[in-house]
Amino acid sequence: MQWYNEPPRWQQEDNHLIVRTGPDSDYWRVTHYGFIRDSGHFYYQEVQGDFTAEVKITGQYEALYDQAGLMLRLDEFNWLKCGIEYVEGVQNVSTVVTRDYSDWSVTPLQSHPSALWLRLSRKGDTVEVHYSLDGNTYSMQRLAYFPVVPQLQVGIMCASPDGPGYSVTFEDFKVNQ
């Protein structure tokens with residue numbers, strides 16, 4: 001695995017990756033806000049064909065838009081990020097799909113769960129995003145189109161668009177093909 005925009009601090013211990021995000025880090029393209037950001041932290045591997053990626057995330061979200069999750073990336077114009085996004089004191093399951101322009105789907109969570117489990121599945125030109133609050137029962141948050149290409153990057157993503165940075169732990173990241 002390798003970093004795209006390596007964070008200021010990170011360490012890997014067994015099946016845990018602990019990251020301290022940097023400030024002014026984000027992924028977004030144009031829509032609504034009018035800016036382009038390609039500065040979030042992304043720890044990835046190359047994949048071919050269909051796959052399922054999974055991870056457990058535990059974070060100390062503090063500032064507006066603090067976020068952590070999974071990412072699928074072709075290039076700066078075509079990517080998908082999903083996970084927790086902290087908005088106005090609420091943890092949201094969030095998915096952004098970008099094909100030149102970003103869109104954003106959110107599902108507000110009624111409580112602040114201690115952890116979130118994510119499952120990102122690629123089948124042909126379709127990507128499904130599922131989440132769980134207990135690691136057992138999953139709900140679909142998004143089904144999206146993503147172009148079929150020979151190779152993609154998939155891995156963990158985190159960012160702090162407005163805050164000074166925060167700590168997040170990723171556990172048991174795996175990709176099954």
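This tour goes through a sheet and two cavities of a predicted model.

**The sheet.** Begin by selecting the strands of the open sheet, of which there are seven, in the order S2-S3-S16-S7-S12-S13-S14. Their pairing is antiparallel. Colour S2 (9–13) and S14 (138–145) separately: these are the edge strands, and each pairs on one side only. From one strand to the next, the twist averages 20 degrees.

**One strand pair.** Next, select residues 51–59, strand S7, together with residues 116–123, strand S12. The two run antiparallel and are joined by seven bridges. Show Ile57 and Leu116 as sticks; the isoleucine stands opposite the leucine, which belongs to S12.

**The largest cavity.** Keep Ile57 and Leu116 on display, as both belong to the lining of the largest cavity. To complete this lining, add Thr58, Gly59, Tyr61, Ile84, Gln91, Pro113, Ser114 and Ala115. The space inside is about 50 Å³. Strand S7 gives the most to this lining, with three residues. By class, the lining has six nonpolar residues, four polar ones and no charged ones.

**The second largest cavity.** The structure holds two cavities of 30 Å³ or more, and the second largest has a volume of about 30 Å³. Select Gln67, Ala68, Lys81, Cys82, Gly83, Ile84, Glu85, Ser94 and Met157 to see its lining. Ile84 is listed here and also in the lining of the largest cavity. Now show strands S8 (67–75) and S9 (78–87), each of which supplies at least two residues of the lining. S9 gives the most, with five. In this lining, four residues are nonpolar, three polar and two charged.

Terms used. Residues numbered from 1 in each chain as written. Predicted model: local features only at pLDDT ≥ 70, side-chain atom pairs only at ≥ 80, totals over all residues. Heavy atoms only, no water. Pairing = 2+ DSSP bridges. Helix = DSSP H or I, 4+ residues; strand = E, 2+ residues; numbered from the N terminus. Axes fitted to C-alpha atoms, helices over the stretch in contact; angles between N-to-C directions. 1 Å grid on protein atoms, 1.4 Å probe; cavity = no way out; pocket = protein on both sides within 12 Å on 5 of 7 lines; lining within 4 Å. Points joined across faces, edges and corners; volume = space filled by probe spheres on them. Nonpolar A, V, L, I, M, F, W, Y, C, P; charged D, E, K, R; others polar.
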